[in-house]
Amino acid sequence: MISIIRSCTFLFFITSLFSCNNTGNTEARDRNHELNKNSEEIAEKRISRKLILFFGNSLTAGYGLDGQEDAFPALIQAKIDSLALPYDCINAGLSGETSAGGKERIDWLLKQPIDIFVLELGANDGLRGIANSTTYENLSSIVEKVKKANPDCKLILAGMMVPPSMGNAYFDNFKNIYPRLADEYDMALVPFLLDKVAGIENLNQTDGVHPTDEGQKIVAENVWSVLKPLLD
(Lines give C-alpha, C1' and ligand atoms only; values in the text may rest on other atoms or scores of the structure.)
Protein backbone atom coordinates (compact mmCIF):
# COMPACT_ATOMS: atom_id res chain seq x y z
CA MET A 1 0.00 0.00 0.00
CA ILE A 2 1.41 3.34 -1.04
CA SER A 3 1.71 5.53 2.06
CA ILE A 4 -0.31 8.78 2.04
CA ILE A 5 1.94 11.82 1.80
CA ARG A 6 0.56 14.42 4.17
CA SER A 7 3.60 16.67 4.61
CA CYS A 8 3.55 20.39 3.99
CA THR A 9 5.84 19.81 1.02
CA PHE A 10 3.28 17.57 -0.62
CA LEU A 11 0.54 20.07 0.16
CA PHE A 12 2.57 22.73 -1.63
CA PHE A 13 3.15 20.39 -4.57
CA ILE A 14 -0.44 19.40 -5.11
CA THR A 15 -1.84 22.90 -4.59
CA SER A 16 0.71 24.35 -7.01
CA LEU A 17 -0.29 21.79 -9.61
CA PHE A 18 -3.66 23.50 -9.90
CA SER A 19 -2.21 26.96 -10.43
CA CYS A 20 0.37 25.79 -12.94
CA ASN A 21 -2.15 23.79 -14.90
CA ASN A 22 -4.31 26.90 -15.14
CA THR A 23 -1.53 28.33 -17.31
CA GLY A 24 -2.10 25.33 -19.53
CA ASN A 25 -5.35 26.88 -20.67
CA THR A 26 -3.36 28.51 -23.47
CA GLU A 27 -2.31 25.06 -24.64
CA ALA A 28 -5.88 23.84 -24.34
CA ARG A 29 -6.90 26.42 -26.93
CA ASP A 30 -4.75 24.50 -29.39
CA ARG A 31 -6.83 21.38 -28.73
CA ASN A 32 -7.84 20.81 -32.36
CA HIS A 33 -4.23 20.96 -33.49
CA GLU A 34 -3.19 18.43 -30.85
CA LEU A 35 -6.10 16.14 -31.68
CA ASN A 36 -5.28 16.12 -35.37
CA LYS A 37 -1.60 15.53 -34.66
CA ASN A 38 -2.34 12.59 -32.34
CA SER A 39 -4.87 11.07 -34.75
CA GLU A 40 -2.43 11.25 -37.66
CA GLU A 41 0.34 9.74 -35.52
CA ILE A 42 -1.90 6.86 -34.48
CA ALA A 43 -2.89 6.13 -38.08
CA GLU A 44 0.73 6.21 -39.25
CA LYS A 45 2.07 3.93 -36.53
CA ARG A 46 -0.79 1.46 -36.67
CA ILE A 47 0.41 -0.03 -39.96
CA SER A 48 2.62 -2.77 -38.52
CA ARG A 49 2.83 -2.34 -34.74
CA LYS A 50 0.56 -2.33 -31.71
CA LEU A 51 -0.29 0.98 -30.06
CA ILE A 52 -0.21 2.21 -26.47
CA LEU A 53 -2.14 5.44 -25.96
CA PHE A 54 -1.17 7.59 -22.95
CA PHE A 55 -4.11 9.90 -22.24
CA GLY A 56 -3.68 12.53 -19.55
CA ASN A 57 -2.83 16.07 -18.48
CA SER A 58 0.43 18.02 -18.07
CA LEU A 59 2.07 15.16 -16.18
CA THR A 60 1.73 12.95 -19.26
CA ALA A 61 2.44 15.77 -21.71
CA GLY A 62 5.81 16.50 -20.09
CA TYR A 63 5.09 20.09 -19.09
CA GLY A 64 8.25 22.18 -18.68
CA LEU A 65 10.62 19.64 -20.24
CA ASP A 66 12.70 20.27 -23.36
CA GLY A 67 10.30 18.07 -25.31
CA GLN A 68 7.94 15.10 -25.12
CA GLU A 69 10.93 12.84 -25.69
CA ASP A 70 11.81 13.46 -22.02
CA ALA A 71 8.31 12.63 -20.70
CA PHE A 72 7.57 9.23 -19.19
CA PRO A 73 5.69 7.83 -22.25
CA ALA A 74 8.83 8.33 -24.36
CA LEU A 75 11.00 6.77 -21.65
CA ILE A 76 8.71 3.76 -21.68
CA GLN A 77 9.03 3.62 -25.47
CA ALA A 78 12.79 3.35 -25.00
CA LYS A 79 12.31 0.39 -22.66
CA ILE A 80 9.99 -1.26 -25.17
CA ASP A 81 12.48 -0.74 -28.00
CA SER A 82 15.30 -2.19 -25.91
CA LEU A 83 13.28 -5.39 -25.60
CA ALA A 84 12.41 -5.39 -29.32
CA LEU A 85 8.69 -5.47 -28.56
CA PRO A 86 6.27 -4.45 -31.37
CA TYR A 87 4.63 -1.50 -29.60
CA ASP A 88 4.56 2.23 -30.25
CA CYS A 89 3.62 4.78 -27.59
CA ILE A 90 1.44 7.80 -28.38
CA ASN A 91 1.62 10.73 -25.95
CA ALA A 92 -1.84 12.33 -25.89
CA GLY A 93 -1.26 14.40 -22.77
CA LEU A 94 -2.74 17.92 -22.65
CA SER A 95 -1.87 20.47 -19.98
CA GLY A 96 -4.81 21.66 -17.90
CA GLU A 97 -7.03 18.74 -18.91
CA THR A 98 -9.92 17.69 -16.67
CA SER A 99 -11.96 14.51 -16.76
CA ALA A 100 -14.76 16.43 -18.52
CA GLY A 101 -12.37 17.70 -21.18
CA GLY A 102 -10.94 14.23 -21.61
CA LYS A 103 -14.42 12.77 -22.09
CA GLU A 104 -14.92 15.09 -25.07
CA ARG A 105 -11.40 14.73 -26.47
CA ILE A 106 -11.15 10.94 -26.45
CA ASP A 107 -13.53 10.48 -29.38
CA TRP A 108 -11.02 12.04 -31.76
CA LEU A 109 -8.34 9.56 -30.72
CA LEU A 110 -10.35 6.38 -31.24
CA LYS A 111 -10.49 6.51 -35.02
CA GLN A 112 -7.77 3.85 -35.13
CA PRO A 113 -7.50 0.69 -33.00
CA ILE A 114 -5.67 0.97 -29.68
CA ASP A 115 -4.12 -2.07 -27.98
CA ILE A 116 -3.29 -0.61 -24.55
CA PHE A 117 -4.86 2.50 -23.01
CA VAL A 118 -3.21 4.34 -20.10
CA LEU A 119 -5.57 6.82 -18.40
CA GLU A 120 -4.08 9.60 -16.26
CA LEU A 121 -6.75 12.17 -15.42
CA GLY A 122 -8.68 13.52 -12.44
CA ALA A 123 -6.11 15.52 -10.47
CA ASN A 124 -7.35 18.84 -11.83
CA ASP A 125 -10.91 17.87 -10.92
CA GLY A 126 -9.88 17.24 -7.34
CA LEU A 127 -7.99 20.50 -7.01
CA ARG A 128 -11.05 22.37 -8.24
CA GLY A 129 -13.29 20.63 -5.74
CA ILE A 130 -15.40 18.96 -8.41
CA ALA A 131 -17.72 16.35 -6.96
CA ASN A 132 -16.04 12.95 -6.77
CA SER A 133 -19.13 11.39 -8.33
CA THR A 134 -18.75 13.66 -11.36
CA THR A 135 -15.09 12.75 -11.80
CA TYR A 136 -15.93 9.08 -11.49
CA GLU A 137 -18.70 9.36 -14.07
CA ASN A 138 -16.44 11.20 -16.52
CA LEU A 139 -13.61 8.72 -16.15
CA SER A 140 -16.09 5.86 -16.49
CA SER A 141 -17.40 7.42 -19.70
CA ILE A 142 -13.88 7.62 -21.11
CA VAL A 143 -13.24 3.96 -20.32
CA GLU A 144 -16.60 2.94 -21.77
CA LYS A 145 -15.79 4.72 -25.02
CA VAL A 146 -12.40 3.04 -25.25
CA LYS A 147 -13.88 -0.40 -24.54
CA LYS A 148 -16.66 0.10 -27.09
CA ALA A 149 -14.18 1.10 -29.81
CA ASN A 150 -11.57 -1.50 -28.77
CA PRO A 151 -13.17 -4.45 -26.94
CA ASP A 152 -9.85 -6.27 -26.56
CA CYS A 153 -7.88 -3.23 -25.41
CA LYS A 154 -5.92 -3.64 -22.18
CA LEU A 155 -6.49 -0.83 -19.66
CA ILE A 156 -4.24 0.90 -17.15
CA LEU A 157 -5.32 3.57 -14.66
CA ALA A 158 -2.88 6.00 -13.00
CA GLY A 159 -4.02 7.04 -9.53
CA MET A 160 -3.66 10.52 -8.06
CA MET A 161 -4.35 12.28 -4.74
CA VAL A 162 -5.63 15.65 -3.52
CA PRO A 163 -4.26 17.67 -0.59
CA PRO A 164 -5.56 16.80 2.87
CA SER A 165 -6.74 20.41 3.15
CA MET A 166 -9.67 19.43 0.91
CA GLY A 167 -11.08 17.66 3.96
CA ASN A 168 -10.81 14.06 5.11
CA ALA A 169 -14.01 12.89 3.43
CA TYR A 170 -13.14 14.46 0.07
CA PHE A 171 -9.54 13.22 0.35
CA ASP A 172 -10.60 9.63 0.99
CA ASN A 173 -13.40 9.62 -1.58
CA PHE A 174 -11.11 11.03 -4.27
CA LYS A 175 -8.37 8.51 -3.49
CA ASN A 176 -10.91 5.70 -3.73
CA ILE A 177 -12.04 6.73 -7.23
CA TYR A 178 -9.08 4.94 -8.75
CA PRO A 179 -9.20 1.47 -7.16
CA ARG A 180 -12.98 1.49 -7.52
CA LEU A 181 -12.79 2.32 -11.22
CA ALA A 182 -9.96 -0.16 -11.79
CA ASP A 183 -12.00 -2.90 -10.12
CA GLU A 184 -15.17 -2.11 -12.06
CA TYR A 185 -13.46 -2.19 -15.46
CA ASP A 186 -10.73 -4.74 -14.76
CA MET A 187 -7.98 -2.16 -15.19
CA ALA A 188 -4.40 -2.54 -14.03
CA LEU A 189 -3.78 0.14 -11.39
CA VAL A 190 -0.78 2.39 -10.75
CA PRO A 191 -1.71 3.35 -7.15
CA PHE A 192 -0.01 6.77 -7.24
CA LEU A 193 1.61 8.05 -10.43
CA LEU A 194 4.00 10.39 -8.58
CA ASP A 195 5.12 7.94 -5.91
CA LYS A 196 8.71 8.73 -4.81
CA VAL A 197 8.58 12.01 -6.79
CA ALA A 198 5.89 14.27 -5.29
CA GLY A 199 7.28 16.73 -2.77
CA ILE A 200 10.94 15.87 -3.42
CA GLU A 201 12.62 19.13 -4.40
CA ASN A 202 15.41 17.81 -6.60
CA LEU A 203 13.00 15.63 -8.61
CA ASN A 204 10.70 18.51 -9.52
CA GLN A 205 11.10 21.62 -11.63
CA THR A 206 11.37 25.09 -10.10
CA ASP A 207 7.57 25.28 -9.92
CA GLY A 208 7.73 22.50 -7.34
CA VAL A 209 5.12 20.63 -9.33
CA HIS A 210 6.18 18.96 -12.53
CA PRO A 211 8.88 16.28 -12.53
CA THR A 212 12.35 17.01 -13.85
CA ASP A 213 14.07 14.64 -16.25
CA GLU A 214 15.15 12.56 -13.24
CA GLY A 215 11.65 12.67 -11.77
CA GLN A 216 10.20 11.51 -15.06
CA LYS A 217 12.46 8.47 -14.95
CA ILE A 218 10.90 7.46 -11.64
CA VAL A 219 7.39 8.09 -12.95
CA ALA A 220 8.25 5.91 -15.94
CA GLU A 221 9.30 3.11 -13.58
CA ASN A 222 6.04 3.45 -11.63
CA VAL A 223 4.07 2.95 -14.83
CA TRP A 224 6.41 0.39 -16.37
CA SER A 225 6.06 -1.96 -13.41
CA VAL A 226 2.34 -2.19 -14.18
CA LEU A 227 2.54 -2.01 -17.97
CA LYS A 228 5.28 -4.56 -18.64
CA PRO A 229 3.26 -7.66 -17.57
CA LEU A 230 0.55 -6.65 -20.07
CA LEU A 231 2.86 -6.66 -23.09
CA ASP A 232 2.67 -9.74 -25.31
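A salt bridge here is a side-chain nitrogen of Lys or Arg within 4 Å of a carboxyl oxygen of Asp or Glu. With that cut-off, a search of the whole structure turns up seven salt bridges. Keep in mind that this is a predicted model. The protein chain has ten helices and five strands, and 53% of its 232 residues are buried. Below is a quick tour of the charges, a few buried polar residues and some backbone oddities.

**The chain overall**

- The accessible surface of the protein chain is about 10,200 Å², and carbon and sulfur atoms own 51% of that.
- If you take the contacts between residues at least 6 apart in sequence, 80% of them join residues at least 24 apart.

**Salt bridges across the chain**

- Side chains of opposite charge can pair when their charged atoms come close.
- Arg 49 and Asp 88 are one such pair, with their side chains meeting at 2.9 Å, N to O.
- That pair ties together distant parts of the chain: Arg 49 sits in the loop between α3 (31-45) and β1 (50-56), while Asp 88 is in strand β2 (residues 87-93), 39 residues apart.
- The two ends have their own surroundings: Arg 49 counts as partly exposed at 27% relative accessibility, whereas Asp 88 counts as buried at 12%.
- Lys 145 and Asp 107 make another salt bridge, and their closest N and O atoms are 3.1 Å apart.
- This pair also links distant parts of the chain, with Lys 145 in helix α8 and Asp 107 in the loop between α6 (99-105) and β3 (116-120), 38 residues apart.
- Lys 145 counts as partly exposed because its relative accessibility is 24%, and Asp 107 is partly exposed too, at 39%.

**A salt bridge within one helix, and a network**

- Glu 214 forms a salt bridge with Lys 217, and the closest N and O atoms are 2.9 Å apart.
- These two are three residues apart in helix α10 (residues 213-227), so about one helical turn separates them.
- Glu 214 is partly exposed, with a relative accessible area of 44%, and Lys 217 is partly exposed with 42%.
- Elsewhere, salt bridges with shared partners join Arg 49, Asp 81 and Asp 88 into one network.

**A buried charge without a partner**

- Asp 70 is found in the loop between α4 (58-61) and α5 (72-82).
- What is the nearest side chain of opposite charge to Asp 70? Lys 217 is, at 8.5 Å, and Asp 70 is buried yet has no salt bridge.
- Leaving aside neighbours within four places in sequence, Asp 70 is in contact with Leu 65, Leu 75, Asp 213 and Gln 216.

**Negative charge on the surface**

- Which residues gather in a patch of negative charge on the surface? They are Glu 144, Asp 183, Glu 184 and Asp 186.
- Asp 186 belongs to the loop between α9 (168-185) and β5 (188-190).
- Asp 186 counts as exposed because its relative accessibility is 70%, with over 50% being the cut-off for that label.

**Positive phi angles**

- Asp 186 also has a positive phi of about 55°, although it is not a glycine.
- Lys 196 is another non-glycine residue with a positive phi, near 70°.
- Lys 196 lies in the loop between β5 and α10 and counts as exposed at 56% relative accessibility.

**Helix α8 and its surroundings**

- Asn 138 lies in helix α8 (residues 132-149).
- Is Asn 138 buried or exposed? Asn 138 is buried, since its relative accessible area is 8% and the label applies under 20%.
- Not counting residues up to four places away in sequence, Asn 138 touches Ser 99, Ala 100, Lys 103 and Asp 125.
- Thr 134 is found in helix α8 as well, and is partly exposed with a relative accessible area of 30%.
- Thr 134 and Ser 99 are 35 residues apart in sequence, and their C-alpha atoms are 8.7 Å apart in space.

Methods
Residues numbered from 1 in each chain as written. Heavy atoms only, no water. Patch = residues over 30% accessible without salt bridge, like charges linked within 9 Å, V, L, I, M, F, W, Y side chains within 5 Å. Areas by Shrake-Rupley, 256 points an atom, 1.4 Å probe, with all protein chains shown as cover. Lys, Arg positive; Asp, Glu negative; His and termini not counted. Charge placed at Lys NZ, Arg CZ, Asp CG, Glu CD. Helix = DSSP H or I, 4+ residues; strand = E, 2+ residues; numbered from the N terminus. Buried < 20%, exposed > 50% of the residue type's maximum accessible area, 1.4 Å probe, protein only. Contact = heavy atoms within 4.5 Å.
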